[in-house]
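Hi,

Here's the structure I promised to pass on. Have a look, and my notes are underneath.

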Number of protein chains: 2
Amino acid sequence: MILIENVRLIDNYKSEVDILIEKDRIIKIGKNLKDNNLKKDCTIIDGKNKIATPGLVNTHTHIPMTLFRGVADDIPLMEWLNNHIWKMEAKLTGEIVYWGTLLGCIEMIKSGTTTFNDMYFFIDDIIKATEESGLRATLSYGMIDLFDEEKREKELKESERVIKKIISLNNPKIKPSLGPHAPYTCSKELLTETKEMAKKYNVPIHIHMNETIDEVKKVKEMTDKLPFEYLHSIGFFDGTKCICAHCVHLSDEEINIIKNNNIGVSHNPISNLKLGSGIAPIPKLLKNNIVVSLGTDGCGSNNNLNLYEEIKLSSILHKGVSLNPTVVDSNTSFKMATENGAKLLGFKSGVIKEGYLADIVLIDLKKPYLIPNENIKSHLVYSFNGSVDTVIVGGEILLNEGNLTKLDEDKVYRMAEKCYRKLVDW
Amino acid sequence: MILIENVRLIDNYKSEVDILIEKDRIIKIGKNLKDNNLKKDCTIIDGKNKIATPGLVNTHTHIPMTLFRGVADDIPLMEWLNNHIWKMEAKLTGEIVYWGTLLGCIEMIKSGTTTFNDMYFFIDDIIKATEESGLRATLSYGMIDLFDEEKREKELKESERVIKKIISLNNPKIKPSLGPHAPYTCSKELLTETKEMAKKYNVPIHIHMNETIDEVKKVKEMTDKLPFEYLHSIGFFDGTKCICAHCVHLSDEEINIIKNNNIGVSHNPISNLKLGSGIAPIPKLLKNNIVVSLGTDGCGSNNNLNLYEEIKLSSILHKGVSLNPTVVDSNTSFKMATENGAKLLGFKSGVIKEGYLADIVLIDLKKPYLIPNENIKSHLVYSFNGSVDTVIVGGEILLNEGNLTKLDEDKVYRMAEKCYRKLVDW
């Protein structure tokens, strides 16, 4: 049991309340909850001068790529992939992925993210690190068959193994999903079998869609259809739930497909800008009532996992591009990073409410950029740098007044440096 | 005397050096400087596991607007000005401006900015607060005559008073400048007399230029010329040095005028996006060898003073807009925020070199978003959140391992809250 005393809530920051947590849920929000019969082992957290926010949900990551931070910037995409990312990825081992994941988990915890949606490989090591971190996650094995049948069978087999393994863990914080990389790297057969497997295990699909103009052209050449039209035509969206990362270059017809199917978007504005991919038509998607969430993408193209940067950028970028300061207001971008993300991943979190998962972040209000202590949501969207104080995930305290409770920070940093050396020294 | 021991330099981060500071200058950089004859009162700073960077230079601010943080977002520009900003500005007093400035100074110090270029009113109070903070600044009184002769005389008189006052302070950290607001709010006579005054006192001019499409149109209607063409035609740039904020909407002819005169640009990407003003053609300005620096603008339109956000955004935004990941690389954006800003404001700072001003910021490298500790400049541009450790300005320590040495943080926050209440409660 945890009692957070005298804390302010983001949507009602003018008065203080207590939040009572039992097991992994928020069971009561109100005044003077200490007076109730608390269990003896109840942990008391002083929430004075702090704001309680829902933990952020990062809906598109490749966590172990923290180790690729800064290795290649300011270069064309194909050079980035061919000369740097793929060369380094070829040298990855389970151990390297494990430490890279832990580094990413620390970064997320310390910037207020409590849930992430990942796609990568060496999944056993990612699972292990994620469980140790205490974070909530949806994990998928990233499948690429490059239209090769043998590779396809291997990829699908690995995905099914990972799904079964995660189910067998019986850890409510970790859920499996399926990760076909993208329509230009996966065969029609892989995509079709992915859909069937998604239905069989009732898991969501996490896929890259319409990130660059080139890949859209490639799919058009291959299939004579735009990517969403192509997937729609092969029944990919029938009976599945898809989280589509990027969605930068979309036709109106494709927007209609997104709208009329169980498809959510993960908007990754920083990665899309940094790689020179473009700017997603978010105001248009919102007008169509499409569920848009936020993602950082991997640290190779961001170069961090601080989702607060995405919140601010998603609010300001589309104002500047459309010359309209009213689009994507602070309520919208904050909701993208919390409620919408949770909804897409199927976790009952993203808001602080009785009965919801206790994924709660406390932020110290005595920071110059949060003063005056009014219009707090605006401050979190437009002024906050992500430095949070206390992080609770599923009723477990992961960060206590700035200190990690479960992970050995120094050791992770030291091991991450060592692993990085293995990737770059050859 | 200050000795920073065993610190890494941003452009040569693989080995450790010592930095020796005497009075307001860096006098020596090298190994084992402790062995030299240090003065007895030399302060030793442990630079182990830290990177030393030049302090950032914010070339466009309205510091007291920290108190307007979050009061009005996501609304059209004229509504923002008429219903919020101007109403609050009408209630400002010297005392309110003083505390708002101190709040801004704390924010800048804690995010690694050591110099700022401001334009506002109640300048005496801004000067007082800036001197108390220990920051370096160029300060101007913001002149607006709205084409009224009487107002013009008053504005120019106030500007001249401020210049004389700042000169008489004999504080090498504070320099005067002239701040005619913009060509659409200032008469031709005001602009002409400003130019003469700038030459008389040898001070730079700080002005808003081409921020929105509407104002460019307005100047075109008024003068039949585009803003830079207009100023050029009245000789505004003859013998003056101008720092022009925004420069979002520019014709090729105007870019030529900037290039061929002593004009520097203050790029304010966050403010320009948030207000829906647009995106400045920075890659084009850089191609023309125009000196581009970075500014946050006021907290009414940003909503913070963390110049590290501007550094990252200026590097990623133009890549995304031009679909070219090679433009505005990390060296360029970091230089904009340091060397270029210092150059435009005429301070010998912005680099860590013997003989230069000791405006130095130390950053703790043991942060998850700075690991692996390689490609440090990339990390500062693309991954850092601005939380710095130690700040030295002109040989004076303003922040020591996160603690302010000259300002009473709690008192400033308390007074800022009080002042804010005076602005919004009526």
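Below is what turned up, starting with the symmetry.

First, the housekeeping: this is a predicted model, so local features need pLDDT of at least 70 and side-chain atom pairs count only at pLDDT 80 or more, while totals for chains, interfaces and linings use all residues. Residues are numbered from 1 along each chain as its sequence is written, with chains lettered from A and ligands numbered from 1 in the order in which they are written.

A turn of 180° with a shift of 0.0 Å along the axis lays chain B on chain A at an RMSD of 0.0 Å (least-squares superposition on C-alpha atoms of residues with pLDDT of at least 70 in both copies). That's the relation of a two-fold axis. Both copies use the same surface, as 100% of the contact residues of chain B recur in chain A. In chain B, the residue whose C-alpha comes closest to the rotation axis is B:Asn385, at 3.0 Å.

Now the interface: 54 residues of chain B are in contact with 54 of chain A (contact means C-beta atoms, placed from the backbone, within 7 Å). On the chain B side, the helices that each supply at least two residues include H2 (94–110), H11 (307–322) and H14 (409–424); helices are DSSP runs of H or I, at least four residues, and strands are runs of E, at least two, numbered from the N terminus.

One last spot: B:Asn32 sits in the loop between strands S3 (25–30) and S4 (43–46) of chain B.

Cheers

Definitions and conventions: Two residues are in contact if their C-beta atoms, placed from the backbone, lie within 7 Å.
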